[in-house]
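Biologist: Please take one part of this chain and go through it closely, with its partners and its surroundings. I would like a connected account rather than a list.

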Amino acid sequence: HRWQNRLERDFFVYKNIHLYGILGLSFYKNYFISYDSSYYAKPNMFGYTANGNSFENKIVELQGGLGFRSKHFSDKPVFDVSFAPLIGLNRSEDHHVARNLHSLHSGFGNGFLTRLESKLHVTDNISFALRYTAHRFYSIGKWTTSGIPTNYEDLAKRLTSNSAGWNWITNKESRWEVYLEYKVK
């Protein structure tokens with residue numbers, strides 16, 4: 001799931017050149033479940049996870065940045081590039097059924113969101129666009145583990161670490177979008 005709200009405000013306009021500021025808020029939620037997976041425990045020993053493992057990651061981000069747009073009309077193209085550094089909070093849950101462990105992570109981090117777009121106005125109402133978006137987020141925080149481990153190695157790690165420690169989580173994504181835009185007048 002992804003929810004984004006991005007406000008853009010021009011602060012410098014000269015002929016067909018626009019410089020604008022960006023202020024945005026976004027929320028991401030990723031949830032993964034793996035069924036019928038096997039895991040490696042010791043040399044020459046594999047286990048089977050019939051119930052599956054799950055991982056959930058939630059990120060709330062605040063972004064602010066700058067953009068440049070060469071804005072033309074009629075049959076001329078529009079080129080747009082923007083870069084927005086961001087800060088955010090994240091919370092993750094990792095549940096291992098076979099190992100009977102449930103880990104929670106809470107952290108704070110930063111990253112960036114950048115976008116390149118090229119748009120061609122076919123008519124006054126119709127335009128065709130190609131957009132590339134890159135997003136990166138790094139988070140450092142604390143994790144805690146609950147549950148009773150099922151093997152000696154996991155039990156020893158849990159007892160020696162007090163079931164808590166530092167954790168680094170990184171989220172990166174990039175995507176290409178092609179779209180046709182129609183403006184209703």
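Modeller: What follows is a close look at strand S6 and the strands around it, with the wider chain as background.

The model is a predicted one. The chain holds 1 helix and 9 strands, and from the N terminus the order of elements is β-β-β-β-β-β-β-β-α-β. Of its 185 residues, 31% count as buried. Contacts between residues at least 6 apart in sequence join residues at least 24 apart in 65% of cases.

Strand S6 covers residues 77-96. On one side of the account stands strand S5, residues 53-70, which pairs with S6 in the antiparallel sense over 15 bridges. One point of reference in that pairing is glutamate 61, whose bridge partner in S6 is glycine 88. S6 also pairs with S7, again in the antiparallel sense, over 20 bridges. Here arginine 91 has serine 106 in S7 as its bridge partner.

Side chains add to both of these pairings. Between S5 and S6, arginine 69 and aspartate 80 form a salt bridge, with N and O 3.0 Å apart. Arginine 69 belongs to strand S5 and aspartate 80 to strand S6, and the two are 11 residues apart in the chain. Both arginine 69 and aspartate 80 are buried. In general, side chains of opposite charge can pair when their charged atoms come close. The structure holds 10 salt bridges.

Between S6 and S7 there is an aromatic pair, one of 2 found in a search of the whole structure. Phenylalanine 83 and phenylalanine 112 are stacked, at 5.8 Å centre to centre with 25 degrees between the planes. Because phenylalanine 83 lies in S6 and phenylalanine 112 in strand S7 (residues 101-121), the pair ties together parts that are 29 residues apart in sequence. Phenylalanine 83 has a relative accessible area of 43%, so it is classed as partly exposed. Phenylalanine 112 is also partly exposed, at 28%. The other aromatic pair, tyrosine 132 with tryptophan 176, has ring centres 4.8 Å apart and planes at 45 degrees, and is therefore tilted. That pair links strand S8 (residues 126-146), which holds tyrosine 132, to strand S9 (residues 164-182), which holds tryptophan 176, across 44 residues. Tyrosine 132 is partly exposed at 25%, whereas tryptophan 176 is exposed at 61%.

S6 also has a share in the nonpolar surface. A nonpolar patch with about 940 Å² of accessible area is formed by Trp3, Leu7, Leu23, Leu25, Phe27, Val60, Leu62, Ile87, Leu89 and Phe108. S6 is among the strands that each supply at least two residues to this patch, the others being S1, S2 and S5. Leucine 89 is one of the residues located in S6. The most comes from S2, with 3 residues. For the chain as a whole, the accessible surface is about 12,100 Å², and carbon and sulfur atoms account for 61% of it.

From S7, the partner of S6, salt bridges lead on to S8 and S9. Arginine 131 and glutamate 117 meet in one, with N and O 3.3 Å apart. Since arginine 131 lies in strand S8 and glutamate 117 in strand S7, this pair ties together parts 14 residues apart in sequence. Arginine 131 is buried at 15% relative accessible area, and glutamate 117 is buried at 8%. Lysine 119 forms a salt bridge with glutamate 181, where the closest N and O atoms are 3.1 Å apart. Glutamate 181 is in strand S9 and lysine 119 in strand S7, 62 residues apart. Glutamate 181 is partly exposed at 24%, while lysine 119 is buried at 16%. Salt bridges with shared partners also join Arg6, Glu8, Arg69, Asp80 and Arg115 into one network. The S5-S6 pair described earlier, arginine 69 with aspartate 80, is a salt bridge within this network.

Leucine 180, in strand S9, has its C-alpha atom 9.4 Å from that of lysine 119, although 61 residues separate the two along the chain. Beyond its neighbours within four places in sequence, leucine 180 is in contact with Ile126, Ser127 and Phe128. Leucine 180 itself is exposed, with 63% relative accessibility.

Note on methods
Residues numbered from 1 in each chain as written. Predicted model: local features only at pLDDT ≥ 70, side-chain atom pairs only at ≥ 80, totals over all residues. Heavy atoms only, no water. Phe/Tyr/Trp six-rings, centres within 6.5 Å; stacked < 30°, edge-to-face > 60°. Helix = DSSP H or I, 4+ residues; strand = E, 2+ residues; numbered from the N terminus. Buried < 20%, exposed > 50% of the residue type's maximum accessible area, 1.4 Å probe, protein only. Pairing = 2+ DSSP bridges. Contact = heavy atoms within 4.5 Å. Areas by Shrake-Rupley, 256 points an atom, 1.4 Å probe, with all protein chains shown as cover. Patch = residues over 30% accessible without salt bridge, like charges linked within 9 Å, V, L, I, M, F, W, Y side chains within 5 Å. Salt bridge = Lys/Arg side-chain N within 4 Å of Asp/Glu carboxyl O.
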